[in-house]
Amino acid sequence: MGDTVISLKCPNCGASVARDAAKCEYCGSPLIIKSYADIKPLSLPERNKYLAFFAGRMQSDGAVSSSLSTAICMMSLGVYDKARSVLEKVVESGVLDADCYFYLAVSMLGGKKAFLLTRKAAGEVENYINAAIGIEDKALYYLFYAYLSYDFFERKGLNCRYGYRELARTAAQRGLGETEAACLFELMRVKNPVEGLI
């Protein structure tokens, strides 16, 4: 997914913006949502405004960036099932965007603990996070995988491809930041059980 701005207007205030700008020069809001950290500082009404904006863009342009932005906005509002639907369509289209696979895996938890997944669903989540890692090697992906490995597989005494300690160490070695980790667990609406390992 490219870093280009998909609109010449700010999704928040509607001001005209430069094509290569990352933030609106008038209100300071992000012009595209690439992660939960981008939308975290926004108020609930602003998040709803962003959702409407990107959902409209997604319908008109079908761009991966519009779909991903829409899904992240949905998850930030607790609408995980619709975010999952949006991301499944992107993944089914054959797009190889690591963030789409990653956020699809996150959306499949539905804002609940991984422990509550069925074995089949946990396997699907594991496949999507492995696909994301296979496309792009990001610390955040390993942290999510460490959480899944611990909260579902370890707690239930099931085998996982990788142990949660190993995955947490890999996340740390890849340069995982505290803010990035906190944002992930805030988006998932669960406590970080592997925090002491990083």
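Helices here are DSSP runs of H or I with at least four residues, numbered from the N terminus. The model is predicted.

**Exercise 1. Find the helix that gives the largest share of the lining of the largest pocket, and describe that lining.**

Step 1. Start with the pocket itself: its volume is about 330 Å³.

Step 2. Look at the centre. The lining has 20 residues, and those closest to the centre are Lys 34, Ser 35, Asp 99, Tyr 103 and Lys 138.

Step 3. List the elements that give two or more residues to the lining: α1 (36-39), α5 (98-107), α7 (139-154) and α9 (178-188).

Step 4. Pick out the main contributor. Helix α9 supplies five residues, the largest share.

Step 5. Sort the lining by class. It holds 11 nonpolar, seven charged and two polar residues.

**Exercise 2. Determine how many disulfides the model has, working from the cysteine sulfur distances.**

Step 1. Set the cut-off: a disulfide needs two cysteine sulfur atoms within 2.5 Å.

Step 2. Count by this rule. The result is zero disulfides.

Step 3. Check Cys 10. The nearest cysteine sulfur belongs to Cys 27 and is 3.7 Å away, and Cys 10 is in no disulfide.

Step 4. Check Cys 24. Its nearest cysteine sulfur, that of Cys 13, lies 3.6 Å away, and Cys 24 is likewise in no disulfide.

Step 5. Add the accessibility. A residue is buried under 20% relative accessible area. Cys 10 has 3% and is therefore buried; Cys 24 has 4%, so Cys 24 is buried too.

**Exercise 3. Describe the nonpolar cores and say which helix gives the largest share of the largest one.**

Step 1. Recall the general tendency: in soluble globular proteins, nonpolar side chains tend to be buried together.

Step 2. Take the largest core. It has 66 residues, and those with the most contacts inside it are Phe 102, Leu 117, Leu 143, Phe 144, Leu 184 and Met 188.

Step 3. Assign the main source. Helix α7 gives 12 residues, the largest share of this core.

Step 4. Look for another core. A second, separate one has six residues, including Cys 10, Val 17, Cys 24 and Leu 31.

**Exercise 4. Work out how helix α9 packs, and what follows the helix in the chain.**

Step 1. List the buried residues of α9: Ala 181, Cys 183, Leu 184, Phe 185, Leu 187 and Met 188.

Step 2. Name their partners. The buried residues of α9 pack against α1, α3, α4 (80-92), α5 and α7.

Step 3. Follow one residue. Setting aside neighbours within four places in sequence, Met 188 is in contact with Tyr 80, Val 106, Leu 109, Gly 111, Lys 112, Phe 144 and Tyr 147.

Step 4. Move to the segment after α9, where Arg 189 lies. Most residues other than glycine have a negative phi. The phi of Arg 189, in contrast, is positive, near 65°.

Step 5. Classify Arg 189. Its relative accessible area is 48%, so Arg 189 is partly exposed.

**Exercise 5. Place Glu 126 and Ser 149 in their helices, and decide whether each is buried or exposed.**

Step 1. Place Glu 126 in helix α6 (residues 119-135).

Step 2. Read its accessibility. At 5% relative accessible area, Glu 126 is buried.

Step 3. List its contacts. Not counting residues up to four places away in sequence, Glu 126 touches Tyr 145, Leu 148, Phe 153, Cys 160 and Arg 161.

Step 4. Place Ser 149 in helix α7. With a relative accessible area of 2%, Ser 149 is buried.

Step 5. List the contacts of Ser 149, again leaving aside neighbours within four places: Glu 154, Cys 160, Tyr 162, Gly 163, Tyr 164 and Leu 167.

Step 6. Compare sequence and space. Ser 149 and Arg 161 are 12 residues apart along the chain, with 8.4 Å between their C-alpha atoms.

**Exercise 6. Classify Ala 63 and Ser 65 by accessibility.**

Step 1. Locate them. Ala 63 is in the loop between α2 (44-61) and α3, and Ser 65 is in helix α3 (residues 64-76).

Step 2. Apply the classes. Ala 63, at 23% relative accessibility, is partly exposed, whereas Ser 65, at 9%, is buried.

Step 3. Add a distance for Ala 63. Val 90 is 27 residues away along the chain, and the two C-alpha atoms are 9.2 Å apart.

How values were computed:
Residues are numbered from 1 along each chain as its sequence is written. This is a predicted model: local features need pLDDT of at least 70, side-chain atom pairs count only at pLDDT 80 or more; totals for chains, interfaces and linings use all residues. Side-chain values use heavy atoms; hydrogens and water are left out. Buried means under 20% relative accessible area, exposed over 50%, partly exposed in between (1.4 Å probe, protein chains only). On a 1 Å grid over the protein atoms alone, a cavity is a set of points where a 1.4 Å probe fits but cannot get out, and a pocket is an open set with protein on both sides within 12 Å along at least five of seven lines; lining residues have an atom within 4 Å of a point. Grid points are joined across faces, edges and corners, and a volume is the space filled by probe spheres set on the points. Ala, Val, Leu, Ile, Met, Phe, Trp, Tyr, Cys and Pro count as nonpolar, Asp, Glu, Lys and Arg as charged, and the others, Gly among them, as polar. A nonpolar core is a set of buried Ala, Val, Leu, Ile, Met, Phe, Trp, Tyr and Cys residues joined through side-chain atoms within 4.5 Å. Contact means heavy atoms within 4.5 Å.
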